[in-house]
Amino acid sequence: MNVLFGSPALHALVLGVGIVSALLGVTSYFIWFERKFAGRMQSRIGPKHVGPYGLLQPIADAFKLLIKADITPDTADRALFNLAPLLAVCVALLSLAVLPLASGLVIADLDVGVLFFLAAGALTVVPTWMAGWGSNNKYALLGGMRAIAQSVAYGVPLVLAALVPVILSGSMKLSDIVAAQAGGHWFALWPPGPGLGAGVLFVLASLAEGNRIPFDIPEAESELVSGISTEYTGMKFGMFYLGEYVHSLVVAALFVTLFLGGYDGPGPDVLALQLLWFVLKVSLVSVLLLWVRWSYVRLRSDQLMTLCWKYLLPSGLLLVAASAVWVWWTEQGGSR
Amino acid sequence: MSASEAWIAAGTFTGVAFVIAAGTLIAAALLRVRARKHSEARTRTYECGEEPDGGAWVRFHPRYYLVALVFVIFDVEAVFLLPWAVSLRSVGAVALWSMLAFLAILLLGWVYAVKKGALRWV
């Protein structure tokens, strides 16, 4: 890829500010869409009072969060308590750096892109635990402990799932992985089996790492009030909320990049069309994730751990082995 | 974009993410409503309306520790798997069979852990 604006720092600054602002706008309307969608699924209408179809609701919510009083509990660890919401959003945004939106349109095309977003994903547990411990609240602490156990456990199948496209394409650079899928050779479709299996594994593990339903026991409002965000008010609570939604959109985008060919699609290779394909795929995957979210009930702690350690982990190992054998076998066939 | 340029860009982007997140919080700090008088109940730890019963910083069940231990094993394995996945094509059959043997041993270790009940969440 090329540096689009003079120096790499300026390139990252311009693209970064543009992409993050676009994403934050998309996120607030994604929340509006989710509320409408969930409403329809539960035979309700969803937001409708602020603006036509409730379209101004996200703006009203943002202002409400901004002007709410800011309460820090007396017994809290102030430094950890106040730093956690800042880091929650910061870490959720980090994976965007390596995400190719279209050919050449990427903030930092690192050689170890896959490793970078895996590391950024693993970091999400740090602000969660800072909030859980720093609040000095029993619900928050329980939520924090659960979040650590869950993120740590699901980090393993996540790495194994992300390895499959790396093996198939022979590169950890995300633009190379997309290039290897060019022309409709998406890893979710071909080779049959390992690609699709790894894709499903990737989505499950990412949802669990981001504490999304049906893996949201760290929040579990029926038992833990609100988990780690129990003591937070106003924008500090909003930051956790925002971080969670940004994370789920980024997960959808990474899934599209790794398994659904990224910006690959029919038609000429022009920037606008590639961007359109990318946005279209990410929207479809996001709606699918919403559908899952509003259809399934929360798993119990022990069920969550059993699912990860006894089913996802060995299937991850088998998928890695299967894709390696596939690569070796096809390469052999080519040279013979 | 060379490797060092890409890292400069990634570093700059981290800064951008931090500034945007911090900016939102600063805006909230400037705009927020302040209480006219301080009441003690407002800043008390929330425990569903009851007086808080001691602090929250308590000891935890060792099963969390066990999960962390098992995680270390499989995380170290990932450290070996990532470079192997990239160089599989260039190294060829030796890389494939030695890694499959490694994975088989790891899978045996997993079976042992399951049989021992180390992965059971009570």
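**Salt bridges**

Six salt bridges occur over all chains of this structure, which is a predicted model. Side chains of opposite charge can pair when their charged atoms come close. Three of the pairs are set out below.

| Acidic residue | Basic residue | Closest N to O distance |
|---|---|---|
| E34(A) | R293(A) | 3.2 Å |
| D61(A) | R35(A) | 3.2 Å |
| D111(A) | K173(A) | 3.7 Å |

Take the pair of R293(A) and E34(A), with its closest N and O atoms 3.2 Å apart. R293(A) sits in helix α11 (residues 271-293) of chain A and E34(A) in helix α1 of chain A, so the bridge ties together parts that are 259 residues apart in sequence. Both R293(A) and E34(A) are buried.

Helix α1 also supplies R35(A). This residue forms a salt bridge with D61(A), again with the closest N and O atoms 3.2 Å apart. The pair links distant parts of the chain: D61(A) belongs to helix α2 of chain A, R35(A) to helix α1 of chain A, and their positions lie 26 residues apart in the count along the sequence. D61(A) counts as partly exposed because its relative accessibility is 22%. R35(A) has 35% relative accessibility, so R35(A) also counts as partly exposed.

The bridge between D111(A) and K173(A) spans 3.7 Å, N to O. Both partners are in loops of chain A: D111(A) between α3 (78-94) and α4 (113-123), K173(A) between α6 and α7 (174-180), so the contact ties together parts that are 62 residues apart in sequence. D111(A) has a relative accessible area of 43% and is therefore partly exposed.

Which residues are joined into one network by salt bridges that share partners? They are D70(A), K236(A) and R32(B).

**Aromatic pairs**

A search of the whole structure finds 18 aromatic pairs over all chains. One of them joins W326(A) and W329(A): the rings are tilted, 6.4 Å centre to centre, with 55° between the planes. Both tryptophans lie in helix α12 (residues 301-335) of chain A. They are three residues apart, about one turn of the helix. Are W326(A) and W329(A) buried, partly exposed or exposed? W326(A) is partly exposed because its relative accessibility is 24%. W329(A) reaches 58%, so W329(A) counts as exposed.

Ring pairs also build a cluster. Its members are F30(A), F237(A), Y241(A) and Y245(A).

**Cysteines**

How many disulfides does the structure hold? The number is zero over all chains. A disulfide is a covalent bond between the sulfur atoms of two cysteines. C90(A) is buried, with a relative accessible area of 6%. C308(A) is buried too, with a relative accessible area of 0%.

**A nonpolar patch**

L4(A), F5(A), L10(A), L13(A), V14(A) and V17(A) make a nonpolar surface patch of about 470 Å². Within this patch, V14(A) belongs to helix α1 (residues 8-41) of chain A. V14(A) has 38% relative accessibility, so V14(A) counts as partly exposed.

**Backbone and loops**

Most residues other than glycine have a negative phi, and most peptide bonds are trans. Two residues of chain A are of interest here. Y53(A) is not a glycine, yet its phi is positive, near 55°. Y53(A) lies in the loop between α1 and α2 (57-67) of chain A. Y53(A) counts as exposed because its relative accessibility is 63%. N136(A) is not a glycine either, and its phi is positive at about 55°. The loop between α5 (125-134) and α6 (138-169) of chain A holds N136(A). Buried or exposed? N136(A) counts as buried because its relative accessibility is 9%.

P52(A) is also found in the loop between α1 and α2 of chain A. With 57% relative accessibility, P52(A) counts as exposed. P52(A) and V20(A) are 32 residues apart along the chain, and their C-alpha atoms are separated by 27 Å.

In chain B, F102(B) is part of helix α3 (residues 93-116). F102(B) is partly exposed because its relative accessibility is 27%. The C-alpha atoms of F102(B) and E77(B) are separated by 9.2 Å, the two residues being 25 apart along the chain.

**Confidence**

The predictor gives the complex an ipTM of 0.83 and a pTM of 0.88. Chain B has an average pLDDT of 83, and 98% of the residues score at least 70. Where pLDDT is low, the predicted coordinates should not be read in detail.

Technical notes:
Residues are numbered from 1 along each chain as its sequence is written. Chains are lettered from A and ligands numbered from 1 in the order in which they are written. This is a predicted model: local features need pLDDT of at least 70, side-chain atom pairs count only at pLDDT 80 or more; totals for chains, interfaces and linings use all residues. Side-chain values use heavy atoms; hydrogens and water are left out. Patches are made of residues with over 30% relative accessible area and no salt bridge: like charges are joined within 9 Å, nonpolar side chains (Val, Leu, Ile, Met, Phe, Trp, Tyr) within 5 Å. Accessible areas come from the Shrake-Rupley method with a 1.4 Å probe; for residues, only the protein chains shown count as cover. A salt bridge is a side-chain nitrogen of Lys or Arg within 4 Å of a carboxyl oxygen of Asp or Glu. Helices (H or I, at least four residues) and strands (E, at least two) are DSSP runs, numbered from the N terminus. Buried means under 20% relative accessible area, exposed over 50%, partly exposed in between (1.4 Å probe, protein chains only). pLDDT is the predictor's confidence in each residue, from 0 to 100. Rings of Phe, Tyr and Trp (its six-membered ring) pair if their centres lie within 6.5 Å; planes under 30 degrees apart count as stacked, over 60 as edge-to-face and the rest as tilted. A disulfide is a pair of cysteine sulfur atoms within 2.5 Å.
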